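Subject: Structure for your review

Dear colleague,

Please find below the structure that I am handing over to you, together with its sequence. My findings come after it.

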Amino acid sequence: MSRRRRRGRRVGLPAPVLVLAVMAVVFFALPLIGLLWRAPWSNAWHYLTDDDALTALRLSLICSLWATGLSILFGVPLAWLLARVEFPGRGAVRALCTLSMVLPPVVGGVALFFALGRRGIVGQYLYRWFDFTLPFTTTGVVIAQTFVAMPFLVITVEASLRQLDLRFDDASRTLGASRWYTFRRVTMPAVRPALVAGAVLAWARALGEFGATITFAGNFPGTTQTMPLAVYLSLETNPEEAIVLALLLIAISFAVLVGLRDRWFGRTDRPMAAT
Amino acid sequence: MTLSAQIALQLGTLELRADLEVKPGELLALLGPNGAGKSTVLRCLAGLAPIDAGRIALDDFVLDDPSTDTFVEPEQRPIGFVFQNYLLFEHMSTLENVAFGLRARKTPKADARRIAGEWLERVGLAEYADQRPRALSGGQAQRAALARALATNPRVLLLDEPLAALDAGTRSTVRRDLRRHLETFDGMRILVTHDPVDAYALADRVAILDGGSIVQVGTLAEVTAHPRSRYVADLVGVNLVAGVVAQGVLTTDAGDHVVIADALPGPSFAVIRPHSIALVREPPVGSSARNTWRGTIAEVDRLGDRVRVGIDGRLPLTAEITVAALEALQLRPGDDVHASVKATDIEVYPA
Amino acid sequence: MLRIHRLLVTAVALLGFLGASCGSDDSGSEATDVPAAGPSVSGDVTVFAATSLTAAFTEIGDAFVVEHPGARVTFNFAASSELVTQIGEGAPADVFASADLSNMAKLTDAGNNAIEPVVFATNLAEIIVAPGNPLGITGVADLADPDLIVVLCAPEVPCGKYAAAIFENAGVTVTPKSLEENVKAVVTKVTLGEADAGIVYQTDVTAAGADAAGVQIPADINVIAEYPIAVTKGAPNADGAQAFVDFVNSEQGQKILASFGFVAP
């Protein structure tokens with residue numbers, strides 16, 4: 001009887017739900033399959049080893065990693081502030097910091113112009129005093145990417161910090177740990193799964209960023225032409241090349257996402273959550 | 001080195017006023033109903049909650065004194081704390097948990113781990129050193145939390161309901177173990193509990209905290225012999241009436257009279273044991289019992305051959321009669337009844 | 001159950017055949033005479049036009065609707081190269097107006113044009129600078145200055161090709177700070193003050209009004225941008241498309257184009 005049980009084992013999902021889930025998978029798989037189907041496999045290598053393509057790829061990776069790093073450096077303290085410190089207008093501040101998530105990226109790029117461009121509120125002083133401009137520079141790309149990517153990290157980490165039991169901080173301090181030591185060895189390890197998830201989201205968003213980049217930083221091979229820009233432009237003259245570049249970007253992202261073990265995202269039972 | 005604390009703190013609607021003194025080697029139990037403020041007292045002592053007024057000091061080392069603007073942070077206080085749910089850090093091994101306090105105080109990693117290992121041996125958890133707290137049972141986690149708190153060599157050990165998170169079956173075993181381990185610690189120990197059995201088994205002295213104030217202090221025997229609060233009275237299972245004695249009568253604030261035999265005048269407590277109360281349907285005529293109060297039966301609880309009858313009225317009481325008597329009188333909740341007690345059956349002592 | 005199943009499949013197949021054979025009327029109908037101001041057309045007319053035609057075509061569209069009250073014109077302005085890609089992928093355009101001949105040629109070669117393209121206007125390139133020309137740029141040679149922030153159209157886009165041709169004619173090498181994907185983006189960067197100069201069409205400089213100034217490029221090195229227009233093959237509204245093309249070539253349409261700075265072919 002146990003043999004029959006094992007063979008006829010149910011998936012455990014009600015049929016309608018399963019159908020919808022499968023449809024969702026197909027929805028995501030179809031565009032990818034479409035790309036693979038139209039890809040010019042015979043010419044692929046030629047396009048992949050093209051100087052411009054490799055430059056764009058390298059630029060994309062470098063900028064997105066920088067953007068992720070900045071997002072962590074500034075995003076974690078911000079998440080901490082929003083989660084732990086009560087101050088008037090906290091809700092408004094939170095909305096402000098995550099605004100770029102709902103803004104169309106091009107709008108974000110234009111806004112960055114008016115802040116950090118040559119005639120921008122702050123930008124004009126950067127230009128006048130230090131002869132330093134952000135548009136058309138790689139730094140500008142990193143800024144644009146950070147602007148759109150950081151909120152993802154802030155939101156994820158803040159949510160995790162909120163549901164941490166504060167009494168663990170108490171326990172740590174009664175054991176003799178300073179606030180900083182507590183932050184380092186008790187709080188941060190507890191939010192690590194959320195931090196990893198947030199960092200991955202931020203990195204993915206930065207890697208795919210197009211609108212704000214092309215508007216604020218511009219488009220020039222080697223300096224500001226990231227992969228998404230390269231794909232977009234090559235689509236106009238050489239769709240085959242565009243497909244190959246797109247697949248390359250997808251392959252890299254896929255590899256990273258698959259490579260990130262489940263374990264790093266934390267167990268499904270929430271550790272050290274407030275009961 | 002004595003821990004002396006005078007705590008005054010307003011916490012929402014609770015006004016906490018507690019004065020304590022604990023000597024080295026002494027274990028004081030803070031006993032009281034939930035919401036009385038017991039855990040808050042511990043938090044004040046640990047520095048997790050600053051007091052509004054008063055003073056907390058370990059001999060000359062002042063930990064908290066608002067009048068002189070002195071406040072010592074929790075991490076600077078020589079205090080160990082065992083929390084109600086143990087709060088072991090789940091992302092570290094048990095050994096690392098125990099070593100945490102040492103490393104936080106800048107003990108080199110190797111030394112810290114060695115000392116932590118010795119402590120785990122002492123509490124019998126050596127084989128769980130490399131396992132996560134998740135793998136420990138309730139009793140084991142409690143021992144780990146105890147070891148973690150003691151590893152830093154504190155002068156004062158605070159325990160907040162250390163047995164509350166355990167199921168009834170393991171509680172008595174763990175209580176025995178806890179007693180053994182606590183005896184090896186020679187500093188001051190304060191234990192918060194709502195279970196008088198814990199106080200009985202572990203404590204030297206007991207302080208009853210009720211409604212934000214300490215109403216009684218003493219050994220458990222002293223405290224239960226002469227209850228001075230409803231909480232202790234309920235604990236012991238007697239009726240407690242507070243009032244002022246004058247000319248053989250104790251008058252409550254509400255104006256009810258209790259006739260008593262030989263007592264000193266002044267504010268006093270009267271204890272009426274449930275088995276001293278006789279229940280009558282009609283007001284007794286020609287009885288030697290000087291006290292009769294009218295009331296309504298609120299509840300009836302059978303305990304074997306005896307029945308506890310809760311009576312509502314101007315003077316709420318709990319009476320104890322036999323099942324036979326209950327049946328003979330056909331008493332039901334909602335019935336009117338008269339409670340009768342002899343003056344000589346009432347114990348009175350000064351408040 | 002199987003029989004009903006088969007019946008259904010057959011029914012669906014039949015319907016499919018009928019639908020396919022009915023198809024579009026275009027391939028079967030004869031080409032009728034198209035008078036200059038013919039009978040009123042109706043329906044939606046979708047026009048894909050180069051970015052530089054934005055202002056002019058919008059006004060032409062308004063005038064067209066006055067002539068043909070039953071019609072409605074929708075525009076899709078983008079770089080000609082992008083529009084060609086979109087049409088190639090099956091975008092439902094009735095009319096295509098390109099900023100250069102080579103992009104239109106791509107469409108014709110792929111067999112996507114119903115009629116021979118007609119050049120309806122020409123444009124000249126011009127250097128665009130900040131109002132008042134604060135940096136005193138006099139010509140294309142000045143753009144080679146490495147301290148100058150110059151933006152150009154990307155080489156895939158018509159105005160980018162024209163710019164490259166101009167630089168070759170002038171014998172200068174210009175390293176831009178950015179390659180924008182359409183000409184309006186170049187205009188925006190200059191009017192916002194982010195870039196010092198760019199190469200755009202003279203119609204764009206005119207359209208920018210007080211927000212920008214222009215520096216003319218001498219005729220001997222300048223290129224003439226020729227703008228062809230055509231009805232696409234398989235246009236959903238072929239009559240409307242033809243009417244629009246005729247309108248653009250008519251006296252009224254040409255007057256509007258001239259008012260924006262375009263030159264008659």
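The notes that follow take up chain A, its contacts with the other chains, the nonpolar cores, and then several parts of chain B. Please keep in mind throughout that this is a predicted model.

Chain A

Chain A has 14 helices and 0 strands. Its C-alpha atoms occupy a box of roughly 70 × 60 × 30 Å along the principal axes. Of the 275 residues in this chain, 39% are buried. As for its internal contacts, if one takes those between residues at least 6 apart in sequence, 77% connect residues at least 24 apart.

One helix pair in this chain deserves a description. Helix α4 (residues 51-84) of chain A packs against helix α9 (residues 138-162) of chain A at an angle of about 40°, and the two axes are 6 Å apart. The crossing of α4(A) and α9(A) is right-handed. Sorted by class, the residues in the contact of α4(A) with α9(A) comprise 20 nonpolar, 7 polar and 3 charged.

Contacts between chains

Chain A touches both chain B and chain C, and I describe each contact in turn.

In the contact of chain A with chain B, 16 residues of chain A meet 18 residues of chain B. On the chain B side, the elements that contribute two or more residues are β7 (79-82) and α2 (94-104) of chain B. That side of chain B consists of 10 nonpolar, 4 polar and 4 charged residues.

The contact between chain A and chain C involves 15 residues from chain A and 17 residues from chain C. Helix α13 (residues 227-237) of chain A supplies the largest share of the chain A side, namely 4 residues. By class, this side of chain A has 7 nonpolar, 5 polar and 3 charged residues.

Nonpolar cores

The largest nonpolar core holds 216 residues, and the members that touch the most others are B:Leu158, C:Val95, C:Cys159 and C:Phe244. The element that gives the most to this core is α9(A), with 14 residues; α9(A) is also the helix that packs against α4(A), as described above.

Which residues surround C:Val95, if its neighbours within four places in sequence are left aside? Its contacts are C:Val45, C:Val47, C:Phe48, C:Ile229, C:Val231, C:Thr232, C:Ala241, C:Phe244 and C:Val245. Another core, of 19 residues, lies apart from the largest one, and its members include B:Val241, B:Val258, B:Val307 and B:Ile346.

Strand β3 of chain B

Is strand β3 (residues 27-31) of chain B enclosed or open? All 5 of its 5 residues are buried, so the strand is largely enclosed by the rest of the structure. B:Leu27, B:Ala29 and B:Leu31 point one way from β3(B), while B:Leu28 and B:Leu30 point the other way. This fits a general pattern: in a regular strand, side chains alternate between the two faces of the sheet.

β3(B) has parallel pairings with two strands. With strand β9 (residues 188-193) of chain B it pairs over 5 bridges, and B:Leu30 stands opposite B:Val192 in β9(B). With strand β10 (residues 205-210) of chain B it is joined by 4 bridges, and here B:Leu31 is placed opposite B:Ile208 in β10(B).

An open sheet in chain B

Chain B also contains an open sheet of 5 antiparallel strands, in the order β16-β20-β17-β18-β19. The edges are formed by β16 (278-280) and β19 (317-322) of chain B; each has a single partner strand, so one side of each is left without a neighbour in the sheet. On average, neighbouring strands of this sheet are turned by 45° against each other, direction ignored. Strand β18 (residues 306-313) of chain B is linked to β19(B) by 6 bridges in an antiparallel arrangement. Across these two strands, B:Arg308 stands opposite B:Glu320 in β19(B).

A loop residue in chain B

Finally, B:Gln131 sits in the loop between α3 (109-122) and α4 (138-150) of chain B. B:Gln131 has 14 C-beta neighbours inside 10 Å and therefore counts as partly exposed. Its contacts beyond four places in sequence are B:Ser93 and B:Thr94. The C-alpha atoms of B:Gln131 and B:Met92 are 8.4 Å apart, although 39 residues separate the two along the chain.

With kind regards

Methods:
Residues are numbered from 1 along each chain as its sequence is written. Chains are lettered from A and ligands numbered from 1 in the order in which they are written. This is a predicted model: local features need pLDDT of at least 70, side-chain atom pairs count only at pLDDT 80 or more; totals for chains, interfaces and linings use all residues. Two strands pair if DSSP finds at least two bridges between them. Axes are lines fitted to C-alpha atoms, for helices over the stretch in contact, and angles run from 0 to 180 degrees between N-to-C directions. A crossing is left-handed if the near helix is turned anticlockwise from the far one by less than a right angle, and right-handed if clockwise. Ala, Val, Leu, Ile, Met, Phe, Trp, Tyr, Cys and Pro count as nonpolar, Asp, Glu, Lys and Arg as charged, and the others, Gly among them, as polar. Two residues are in contact if their C-beta atoms, placed from the backbone, lie within 7 Å. A nonpolar core is a set of buried Ala, Val, Leu, Ile, Met, Phe, Trp, Tyr and Cys residues joined through C-beta atoms within 7 Å. A residue is buried if 20 or more other C-beta atoms lie within 10 Å of its own, exposed if 12 or fewer, and partly exposed in between; C-beta atoms are placed from the backbone.
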